[in-house]
Amino acid sequence: MSRSTVIIKVPATSANIGPGFDVVGLSLSLYLTITVRFGPPSADLVKITYSGEGADEVPLDPYQNLMTRIALYVLRCNNHRSFPPDLVSIHADNQIPFGRGLGSSGAAVIAGVLLGNTLGQLSLSRERMLDYALMVERHPDNVTAALVGGFVGSYLRELDPVASEAAQVPLSEVLPEYPSDAGEEWGLSPPVPPFGIGHFVRFGWSAAVKAVAIIPRFELSTAKARQVLPMEYSRKDLVFNMQRLAVLTTALGQSPPDPELIYEAMKDRVHQPYRKGLIPGLPEVTSSITPGSHPGLLGICLSGAGPTILALATHNFEAIAEGARAIFAKENIQVDWKLLEVVGGSECYSVEAN
Ligand SMILES: Nc1ncnc2c1ncn2[C@@H]1O[C@H](COP(=O)(O)OP(=O)(O)O)[C@@H](O)[C@H]1O
Ligand SMILES: N[C@@H](CCOP(=O)(O)O)C(=O)O
């Protein structure tokens with residue numbers, strides 16, 4: 001009898017929430033859902049299919065696809081040479097748009113780690129799975145929120161020199177682009193993650209606070225949006241952000257939420273000012289849509305590396321989204337918008353095979 005079908009469900013995330021660059025993340029109600037089917041052992045390569053976002057552009061070769069490459073990385077770190085012979089197919093149904101600042105790659109990384117854990121029957125702890133994810137996605141905000149869910153703050157532990165060196169391995173070595181005709185020996189000894197790289201805490205979240213995601217119809221890769229950031233910051237700008245982040249992490253859990261406090265606490269001087277050249281209309285959206293002009297709004301910022309705008313609000317969602325749409329329209333940018341809930345973290349469960 002073959003193993004039960006396994007479902008892996010990973011939420012979208014919005015990172016930074018204004019001042020918390022590379023520190024805070026929020027899991028949101030759009031999902032990457034993977035269905036993993038098993039059957040009689042065979043030498044055939046697993047068949048990958050996609051539906052939804054990115055289906056027409058994502059590689060379906062398991063040695064090229066981000067999710068299955070990560071699963072293979074986890075397997076090989078745990079002495080499994082390849083995908084198990086009873087793995088028949090993987091279907092990914094994806095609601096998270098690519099390259100928009102809603103954590104599609106973070107979700108794919110977490111899905112890949114959970115997949116590797118399932119395929120190898122490894123029983124990794126949640127903390128250990130985070131170590132694997134952080135070897136691939138080096139900023140913890142998206143992957144931690146996608147794994148554990150909610151409004152989450154995280155830091156990377158300072159590692160001892162040996163562990164630190166292991167964690168600095170170039171991504172191309174952690175995740176080699178396996179050639180499709182890769183032999184058995186390819187990538188057999190990948191760098192195993194040090195233990196306890198990432199640490200996190202979940203903050204309170206007021207049930208009254210919803211997320212309006214205003215999603216421009218263009219992609220911006222996170223790598224490109226990180227290249228425009230400076231290497232150094234002034235003390236003034238760092239203090240500006242830290243003061244706001246300290247207030248924000250508690251303010252978003254208070255009932256009723258205070259718009260005056262939150263609007264100011266979602267301002268940022270560490271990443272948004274440098275990204276405005278990549279996202280026409282960004283400064284006007286974040287400065288002219290306010291709790292005064294749009295009652296119900298609490299705060300507004302870039303979602304992750306952009307170009308999506310995240311507006312946190314208690315009501316008046318459509319008017320807020322339409323206000324942003326009008327500003328982007330002046331820049332000839334079309335947008336879609338979605339009202340999202342803050343949700344729990346990733347799930348992995350078995351269902352009866354059919
Ligand atoms: N479900 C997925 N399966 C495979 N690859 C994915 C998936 N989701 C995202 N990716 C890869 O990640 C890229 C987007 O990553 P990134 O630039 O970090 O943007 P985002 O803000 O969406 O995370 C996509 O172009 C694609 O190559
Ligand atoms: N802190 C990162 C977050 C990137 O998030 P993504 O959803 O755009 O991948 C950054 O701001 O670069």
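Sorted by class, the residues that form the shell around ligand 2 are five nonpolar, nine polar and three charged. The structure in view is a predicted model, and the surroundings of this ligand are a useful place to begin reading it.

Which residues come nearest to ligand 2? Of the 17 residues around the ligand, these are Ala15, Gly101, Thr222, Gly304 and Ala305. Four elements each give two or more residues to the shell, namely strand E1 (5-16), strand E2 (20-38), helix H4 (140-148) and helix H7 (222-227), and of these it is H7 that gives the most, with three residues. Where does ligand 2 lie with respect to domain 1 and domain 2? Residues of the shell come both from domain 1 (5-200 + 344-351) and from domain 2 (204-340), and therefore the ligand lies between them.

From the ligand we can turn to a pair of helices. Two packed helices are described by the angle between their axes and by the distance between those axes. For helix H1 (residues 66-77) and helix H2 (residues 104-119), the angle is about 40 degrees and the axes are 7 Å apart, which means that H1 is oblique to H2. The crossing in which H1 passes H2 is right-handed.

The residues that meet in this contact include Leu66, Ile70, Val74 and Leu75 on the side of H1, and Ala108, Val109, Gly112 and Leu115 on the side of H2. Taken by class, the contact of H1 with H2 has 13 nonpolar and five polar residues, while no charged residues are found in it.

How values were computed
Residues are numbered from 1 along each chain as its sequence is written. Chains are lettered from A and ligands numbered from 1 in the order in which they are written. This is a predicted model: local features need pLDDT of at least 70, side-chain atom pairs count only at pLDDT 80 or more; totals for chains, interfaces and linings use all residues. A residue is near a molecule or strand if its C-beta atom, placed from the backbone, lies within 6 Å of it. Ala, Val, Leu, Ile, Met, Phe, Trp, Tyr, Cys and Pro count as nonpolar, Asp, Glu, Lys and Arg as charged, and the others, Gly among them, as polar. Domain bounds come from an automatic or database domain assignment. Axes are lines fitted to C-alpha atoms, for helices over the stretch in contact, and angles run from 0 to 180 degrees between N-to-C directions. Angles under 35 degrees count as roughly parallel, over 145 as roughly antiparallel, 65 to 115 as roughly perpendicular and the rest as oblique. A crossing is left-handed if the near helix is turned anticlockwise from the far one by less than a right angle, and right-handed if clockwise. Two residues are in contact if their C-beta atoms, placed from the backbone, lie within 7 Å.
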